[in-house]
Amino acid sequence: MSFVTHNCTPFSGQKPGTSGLRKKTRVFMEPGYLECFVQSIFNAIGGGQGKVFVIGGDGRFFNAEAIQTILRMAAANGAARAIVGQNGLLSTPAASNLIRKRGADGGFILSASHNPGGVDADFGLKFNGGNGGPASESLTEAFYQHSQRIAEYITLESDPLDLGQIGVTKLEDMQVEIVDPVTDYAELMREIFDFDQIKALISEGFTLRFDAMHAVTGPYATAILEDELGAPKGSVLNAIPSVDFGKGHPDPNPIWAKPLVDLVMSPDGPDFAAASDGDGDRNMILGKGIYVTPSDSLAVLAANAHLAPGYSAGLAGVARSMPTSAAVDRVASDLGIDCFETPTGWKFFGNLLDAGRITLCGEESAGTGSDHVREKDGLWAVLLWLNILAKRRTSVREIMRDHWQTYGRNYYSRHDYEAVDSRKADQMMTDLTARLPKLPGSAAGNLIVAAADQFSYKDPVDGSVSKNQGVCVIFENGSRGVIRLSGTGTDNATIRVYLEQFTPQGGQMDLDTQTALREVADAMAEISRLPETCGRISPDIMT
Ligand code: VG1
Ligand code: CO
């Protein structure tokens, strides 16, 4: 074995987005591409000397090869130890847990989350810090700056390690520990939730389905829901991770998980169903005959979390991303706790969680989590729902009905326009931003604009400011529209339009969501000029 140094060509325009660096798989496979980015990370964190790293990914195409590359580079950069999930698998929340539990200095998570996998699909790399959470904005910027001036990377020439073998081995001077990806995570879930109560519910005939979407949560859900909690074999669907996720998009929404939605909407469907995404950090919740919007799910979890042993002392506070509906705000105000509004992306919750200001947080994109790790956690959300159902002994539909009667209902939907010409999308946002000061008081469709601005966030813990996090328009009737560009895509631009309309207690709680939101949707189309600028009339996906 020998150490070798290779030259790097500084990258241009390869900026990490909402959640790490995402590119076409073939780009990541170009000689030196992954290596130069990984070396930029080592350089930005002050080198690898003596450090401990957790490494794992969602099992997509190139996952195993990328892990071998990172292991060689970690060893060459002087790392003391690498903790790797068996066969290269670790869900994002499980990686976060391992970083925290083992006191590691950080972790490399190989995933492009909900983006499809395969040689002609997408790949990604996220670096998480010692708290187990996504790299902060400033650290992400440091990776980028280093990648712009990087000259060389160091690695080893060595044969690949066998990642299938649990146990400790060595790569030059670095210890490599291959661990079962599920064990530590399952232990954490057992500490938080009342497994006996959930077991009792299931043994009494409560039925559930969990769709792992051929991605990383398969082994976790099988071990926890079937083997431990007693759900019958076959309750976990698409449970074996595959490199191309069965050629689907591992995105837990009513479009990509349509078979599951169809199942719960059928008369003999299960009492409860859920799905998770590629790297296991997001969730979709369904009950017999009902789809629970992620924003509502966050609110229900906040209102009922105390029913799980891990949260029996109540919540310190909650947070949601700006585009997420204000349903959770109403619960927080009822509980008399703080509710923070952050920009999109889990990295913005980290400081609030570390400072103990919040216990629970979430995003409209089906990410929910708590202070148990520093990532959103799909299976955790499923288990919290099951714990609540086991305590309340009522249906998902009844829980939702009851919630809306208590707090009112925030009708909510996100409209995605995918693969839009980036130039046109940027133009639309620039023009819109320039028009914002003139909007208040003007009419848009049937609505009148009350306020319009670009969301800017000042972190309450470290005072850092993040600007231009999306355009937010409030209308005089209280409804709200948000528009921003996605930071996770690899194909041109994705425009996200978020629509919300609040109906107070006593109002109509069973309207069709899209019908309830039609006025605000029309108003946002007029204000943004999306149809004219981008040539798109209807969204590709509505969640
Ligand atoms: C999307 C979601 C955001 C989420 C991010 C990463 O980002 O909107 O809420 O945090 O994905 O999730 P964007 O920039 O495309 O809107 V994951 O499961 O891909 O780590
Ligand atoms: Co994800």
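User: What distance separates an oxygen atom of ligand 1 from an N or O atom in the side chain of Ser 365?

Analyst: In this predicted model, the distance is 2.6 Å. That is a polar contact, meaning a pair of N or O atoms within 3.5 Å. Local features need pLDDT of at least 70, side-chain atom pairs 80 or more, while totals for chains, interfaces and linings use all residues. Residues are numbered from 1 along each chain, chains are lettered from A and ligands numbered from 1 as written, and side-chain values use heavy atoms, without hydrogens or water.

User: Ok. Which part of Gly 487 lies 2.6 Å from a ligand 1 oxygen?

Analyst: A backbone N or O atom. For Ser 113, a polar side-chain atom lies 2.5 Å from an oxygen atom of ligand 1.

User: Which residues come nearest ligand 1?

Analyst: Thr 18, Ser 113, Ser 486, Thr 488 and Arg 496, out of 22 around the ligand (a heavy atom within 4 Å).

User: What classes are in that shell?

Analyst: It has 12 charged residues, 10 polar and no nonpolar. Gly counts as polar here.

User: Switching to the sheet. What is the strand order?

Analyst: β11-β10-β12-β13-β14, an open sheet of 5 strands with mixed pairing. Strands are DSSP E runs of at least two residues, paired if they share at least two bridges.

User: Why is one side of β11 and of β14 left without a neighbour?

Analyst: β11 (236-237) and β14 (290-292) stand at the edges with a single partner strand each, so one side of each has no neighbour in the sheet.

User: And how many bridges join β10 to β12?

Analyst: 4, between residues 208-211 and 272-276, and the two strands run parallel. Arg 209, for one, has Ala 273 in β12 as its bridge partner.

Notes: A polar contact is a pair of N or O atoms within 3.5 Å; within protein, one must be able to donate a hydrogen and the other to accept it, and residues adjacent in sequence count only if both atoms are side-chain atoms.
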